[in-house]
Amino acid sequence: MKKILEVNDLSVSFSTYGDDVKAVRGVSFEVNEKETLAIVGESGSGKSVTAQSLMRLIPMPPGKFDGGSIMFNGEDITQKSDKQMEDIRGKDISMIFQDPMTSLNPTMTVGKQIAEGLIKHQNMTKKEAHMRGVELLTLVGIPNPDARINQYPHEYSGGMRQRAMIAIALACNPKMLIADEPTTALDVTIQAQILDLMRDLQEQTGTAIILITHDLGVVANAAHRVAVMYGGKIVETGNVDEIFYNPKHPYTWGLLGSMPKIDGGDDELQAIPGSPPDLADPPKGCPFAARCPYAMEVCKNHMPEYTELSDTQKTACWLLDERAPKVEPPESAKV
Ligand code: SF4
Ligand code: MG
């Protein structure tokens with residue numbers, strides 16, 4: 001499998017009102033061709049900041065890179081000029097967002113918005129770009145694409161707008177697609193259709209996908225691997241089976257416990273009590289210590305190292321230290 005992206009020890013902070021908020025604190029992960037990596041966590045975990053950093057969409061200042069690298073195609077994104085990033089964005093890396101209305105231009109037809117990238121990055125003529133636009137709308141399952149291509153976003157339904165945004169994002173065959181909560185605003189049926197569509201398109205084009213979500217339910221069907229973020233760090237990473245059937249981090253247990261079960265069981269959903277740490281003054285030790293039912297003295301002052309549980313799973317938790325008491329995941333974390 002060809003590696004598309006390698007993020008090494010990335011740290012990103014924001015300086016606002018005299019505070020220095022350490023939003024991303026030493027995050028490392030990689031993504032391969034044809035692979036979907038889900039980055040999962042609550043809001044404030046650093047997952048969206050991580051995603052936006054890959055596209056260099058963080059306004060700097062107030063944001064800044066504090067260290068690390070983002071190797072894409074063998075080159076470090078953190079070192080690129082704004083001008084170089086303009087060439088990469090939309091061509092090699094595309095992004096889709098939760099709300100298509102904020103990223104679609106309401107004053108331009110969908111066809112013009114698809115054509116823009118094709119004309120800019122692939123030197124197509126207007127006519128070629130129009131024809132490719134019809135193909136793309138067909139590909140993402142928009143009915144009657146010859147007519148729909150000349151319509152404006154407000155003439156589309158919510159699900160169709162999301163499909164149109166995917167068509168725009170895929171127009172230039174990007175090597176990597178970043179999807180930040182792409183289905184959160186949609187009803188469950190359309191959500192499933194959009195996730196299926198992304199998977200089909202990935203099989204056809206080989207695009208690597210980074211899926212940002214707070215919802216582990218979305219991950220089960222859509223991702224190959226998962227990175228669980230909390231307090232600006234990746235606390236556990238593994239393939240989908242490992243995260244769902246052999247999770248080792250208490251925060252992952254909490255996320256699984258707050259996920260609706262497939263059998264619709266009558267258990268109450270367990271929201272994780274408490275709130276995420278203040279990253280203007282991040283905890284010295286484990287970021288989850290203040291909310292973790294298993295926290296020990298060591299957790300408060302010392303950040304746990306990763307324990308490698310398999311070739312694909314690593315977890316940063318003191319419970320995996322041989323001196324720690326043996327703790328089983330709670331029933332609520334069983335899927
Ligand atoms: Fe809980 Fe300690 Fe593990 Fe953190 S390191 S998740 S506080 S047991
Ligand atoms: Mg977000």
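**Exercise 1. Place Pro62 and work out the peptide bonds around it.**

Start with location: Pro62 sits in the loop between helix 1 and strand 4 (helices are DSSP runs of H or I with at least four residues, strands are E runs of at least two, both numbered from the N terminus). Pro61 belongs to that loop too, the one between helix 1 and strand 4 (63-72). Now the omegas: Met60 to Pro61 is a cis peptide bond, with omega near -10°. Pro61 and Pro62 are also joined by a cis bond, omega about 5°.

Quick housekeeping: this is a predicted model, where local features need pLDDT of at least 70, side-chain atom pairs count only at pLDDT 80 or more, and totals for chains, interfaces and linings use all residues. Residues are numbered from 1 along each chain as its sequence is written, while chains are lettered from A and ligands numbered from 1 in the order in which they are written.

**Exercise 2. Decide how confident the predictor is.**

Take pLDDT, the predictor's confidence in each residue from 0 to 100. The protein averages 92, and 97% of the residues score at least 70. Then check the global scores: ipTM is 0.95 and pTM 0.93.

**Exercise 3. Find out how enclosed helix 1 is.**

First list the buried residues (20 or more other C-beta atoms within 10 Å of a residue's own; 12 or fewer is exposed, in between is partly exposed; C-beta atoms are placed from the backbone). They are Lys47, Ser48, Val49, Thr50, Ala51, Gln52, Ser53 and Leu54. That makes eight of the eight residues in helix 1 (residues 47-54), so the helix is largely enclosed by the rest of the structure. Next, look past its end: Arg56 follows helix 1 and has a positive phi, near 55°. Finally, jump along the chain: Ile93 is 39 residues from Leu54 in sequence, but 8.6 Å away in space, C-alpha to C-alpha. Ile93 is in strand 6 (residues 93-96) and is buried, with 25 other C-beta atoms within 10 Å.

**Exercise 4. Track down positive phi values at Lys34 and Asn173.**

Lys34 isn't a glycine, yet its phi is about 65°. Its home is the loop between strand 2 (19-32) and strand 3 (36-40), and it is partly exposed, with 16 other C-beta atoms within 10 Å. Asn173, also not a glycine, has a phi of about 50°. Asn173 lies in the loop between helix 7 (158-170) and strand 7 (176-180), partly exposed with 13 other C-beta atoms within 10 Å.
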